[in-house]
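Student: I'd like to go through this one with you and ask how each label is earned. Where shall we start?

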Amino acid sequence: MKKILFVTSEAVPFIKTGGLADVAGSLPQYFDRSKYDVRIILPKYVCMSEERKAQMRFCSRFYVRLSWRSQYVGVLETKVEGVTYYFIDNEYYFAGAKPYNNIYEDVEKFAYFSKAVLEALPVIGFCPDILHCHDWQTGLIPVYLKNEYQKKGHPKEAFYQGVRTIFTIHNLQFQGRWMIQAVKDITGLPEHLFTADKLEAYGEGNYLKGGVVYSDIITTVSKTYAGEIMTPSGGEGLDGLMRARQKDLYGIMNGLDYEVFNPQSDTYIWENYGISNRAEGKLANKRRLQQQLGFSEDDGTLLLGIVTRMTNQKGMDLVEAVLDELLADARIQIVALGTGQTNFENMFRHYAWKYEDKLSANICYSEELAHQIYAGCDAFLMPSLFEPCGLSQLISMHYGTVPIVRETGGLKDTVQAYNRYDQTGTGFSFCNFHAREMLSALYYAMDIYYNHRQDWEDIAQRGMEQDVSWSHSAIEYEKIYDML
C-alpha cells in the first residue's frame with residue numbers, strides 16, 4: 001500500500017478561503033483505499049470553528065529549529081469519513097481572524113509550517129512514500145527535504161531517504177515572494193540555494209519556485225493551464241522554469257464533491273431535481289429566485305448568474321465595459337454574488353440601482369445564495385482572464401445551468417462550445433479577452449435561448465450528463481503516484 005500525505009494550508013471541512021480547500025479536503029476521499037493510504041496535514045488555525053477544534057485529539061509536542069529560532073510544535077489529529085487529518089499547532093503563527101495575512105508574516109508562518117511538517121513525520125509514526133504539496137505555502141518542503149533531511153549526516157536520514165515529492169500549482173500568480181535577505185534569515189537555508197536556478201527569482205526569494213525546482217513531479221489543475229504556464233503570457237515570470245521541467249509537468253482537472261454539489265439532494269435549493277425532471281425543477285427554483293431577488297417572475301426571460309471574486313482576473317473589467325449596454329438593450333435578468341475590488345463592487349451597486357428590475361447585486365458571500373443561483377439561473381457567466389481550473393462552470397453544468405466562458409485554462413478543457421450544425425456542446429465560449437467578443441457570445445446564447453429553445457434544453461441536458469466528480473481526477477493522480 002502506498003502512503004501519501006497531502007500537505008496544504010487549507011482543507012474542507014476545517015478551513016476554506018478558496019478552491020484549494022475543496023481539492024485538499026475532497027480528493028483524498030476518492031482514492032482506492034485498498035491501494036492508497038492518503039492522509040492530510042494542515043495548520044490548526046485559531047479561526048477554525050470551535051466545533052471542528054473540539055474533534056481534534058492531542059498527539060504530541062516538540063520544538064523545531066527555524067534558523068536561529070526554536071519554536072513550539074503541537075500535533076493533533078482527527079478522522080473525517082475515514083480520512084486521517086493532522087494539524088500543526090502554534091498560536092504565535094496561526095492566530096488571527098483569517099488564515100493568510102501580510103506576505104511578510106506569511107513567509108515566516110509557512111516556512112515554520114514546512115519545517116514542522118517534516119519534523120512531525122517520525123513523531124506521528126507515518127513515513128509517507130509521497131509528500132503531495134499544494135501551492136507556495138508548502139513550496140519549502142521539497143527544498144528542506146532534499147537539502148537537509150535527506151542529506152548524509154542528518155540524524156534521521158534513513159527515515160526520510162525514500163520520500164518523494166509532488167508539487168501541485170493551483171494558481172501560479174501566487175508565488176510566496178519576499179526579500180532575499182529576510183527569506184535567508186527566516187528559513188536558515190544556505191546562501192548557495194539563492195541563485196537563479198534555485199530559489200531566487202527577479203531579486204527575491206520565491207517559495208513556489210523552490211517547490212517546482214526540487215519536487216520530483218509537478219502538477220497543475222488542468223491540461224490547458226499546464227500549457228499556458230509554459231508561455232510568457234501565462235507563466236507569471238516562471239515560464240522558462242516550467243519549460244525546463246516540462247517532462248515532469250502534468251495537468252489534471254479538478255472535480256466536484258457530489259456530496260456538496262448535487263441538485264438531487266442540495267438542502268440550500270427550494271426544489272431538488274435530477275436529469276429526468278431538470279426542466280420542471282429548474283423552473284421552480286428560477287421562480288423562487290426571481291421572487292427572492294425582487295425581479296418580475298417571468299419564466300421566459302433569461303436569468304444569468306455570476307458568482308465570483310470581483311477582480312480583473314475574473315474578467316470583471318469586460319463586464320464593466322458592456323454591462324450598461326446589455327442591461328439597456330437586452331431582455332435579461334442578472335444576479336451577481338461576490339466581493340473583490342471596490343471599483344467592481346461599486347459598479348454592480350450602481351447598475352443595480354439604475355436597472356433595479358434587471359440586476360441584483362449581492363456584495364457578500366453566501367453559500368446558500370450561491371447554490372440557489374446555480375439551481376435557478378438559465379445561464380452562468382465566467383469571462384476569466386485566466387482560470388487554472390475553475391469550479392463554478394462544473395457546478396453550473398451539474399445543475400443544468402448553461403455556462404458562457406472564455407476559452408482559457410480549465411474553462412476550455414471542461415466546456416465544449418455549442419455547435420448548431422452537429423448539435424454538440426455543453427455551453428458557449430469566446431476566445432479573446434475582449435468585451436465585444438464576450439458580448440457577442442452572450443447575444444448568441446440569448447438567440448439560442450429565445451429562438452431555438454429545444455437546442456438550449458439539449459445543451460443544458462448534455463452538461464448535466466457530464467461526469468464532473470473527483471473519480472476521474474483520482475485515477476489520474478493514482479497513475480502519477482504509481483510512477484513514483
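Tutor: With a cut-off: buried means under 20% relative accessible area, exposed means over 50%, and partly exposed is what falls in between. Keep in mind that this is a predicted model.

Student: Okay, then why is Glu-236 called partly exposed?

Tutor: Its relative accessibility is 31%. That value sits between the 20% and 50% cut-offs, so partly exposed is the right label. Glu-236 is in the loop between α9 (223-228) and α10 (239-244).

Student: And what makes Tyr-202 count as exposed?

Tutor: The relative accessibility of Tyr-202 is 69%, and the exposed class takes anything over 50%. Tyr-202 belongs to the loop between β9 (200-201) and β10 (204-206).

Student: What is noteworthy about the backbone at Tyr-202?

Tutor: Tyr-202 has a positive phi of about 55° without being a glycine. Glu-236 also isn't a glycine, and its phi is positive at about 50°. Most residues other than glycine have a negative phi, and most peptide bonds are trans.

Student: Where is there a cis peptide bond?

Tutor: Between Val-12 and Pro-13, with omega at about 5°. Pro-13 is part of the loop between β1 and α1 (19-26).

Student: Why is helix α5 said to be largely enclosed by the rest of the structure?

Tutor: Because 8 of the 10 residues in α5 (residues 140-149) are buried. Among them are Leu-140, Ile-141, Tyr-144 and Tyr-149. Over the whole protein chain, buried residues come to 59% of the 484.

Student: Now the sheet. What makes β3 and β12 edge strands?

Tutor: Look at the order of the 9 strands in this open sheet: β3-β4-β5-β2-β1-β6-β7-β11-β12, with mixed pairing. β3 (57-66) and β12 (249-251) each have a single partner strand, so one side of each lacks a neighbour in the sheet. Neighbouring strands here are turned by 25° against each other on average, ignoring direction.

Student: How do you know that β6 and β7 really pair?

Tutor: Pairing takes at least two bridges, and 5 bridges join β6 (residues 130-134) to β7 (residues 164-169). The two strands run parallel. In one of those links, Leu-131 has Thr-165 in β7 as its bridge partner.

Student: Which helix lies across β6?

Tutor: That's α4 (residues 103-124), which also lies across β1 (2-7), β2 (36-43), β3, β4 (69-80) and β5 (83-89). Helix α4 runs at about 120° to β3.

Student: Why is α12 called roughly parallel to α13?

Tutor: Helix α12 (residues 316-329) and helix α13 (residues 342-354) pack at an angle of about 10°, with axes 11 Å apart. Angles under 35 degrees count as roughly parallel, so the label applies.

Student: Which residues in α12 and α13 meet?

Tutor: From α12 they include Met-316, Val-319, Leu-323 and Leu-327, and from α13 they include Phe-344, Met-347 and Tyr-351. The residues of that contact divide into 8 nonpolar, 4 charged and no polar.

Student: Last one: what makes the protein chain as compact as a globular protein of its length?

Tutor: The protein chain has 19 helices and 18 strands. Its radius of gyration is 24 Å, close to the 23 Å from the globule rule for 484 residues, so the description holds. The C-alpha trace spans about 75 × 45 × 40 Å along its principal axes.

Definitions and conventions: Residues numbered from 1 in each chain as written. Predicted model: local features only at pLDDT ≥ 70, side-chain atom pairs only at ≥ 80, totals over all residues. Heavy atoms only, no water. Buried < 20%, exposed > 50% of the residue type's maximum accessible area, 1.4 Å probe, protein only. Helix = DSSP H or I, 4+ residues; strand = E, 2+ residues; numbered from the N terminus. Axes fitted to C-alpha atoms, helices over the stretch in contact; angles between N-to-C directions. Contact = heavy atoms within 4.5 Å. Nonpolar A, V, L, I, M, F, W, Y, C, P; charged D, E, K, R; others polar. Rg over C-alpha atoms; globule rule 2.2 N^0.38 Å.
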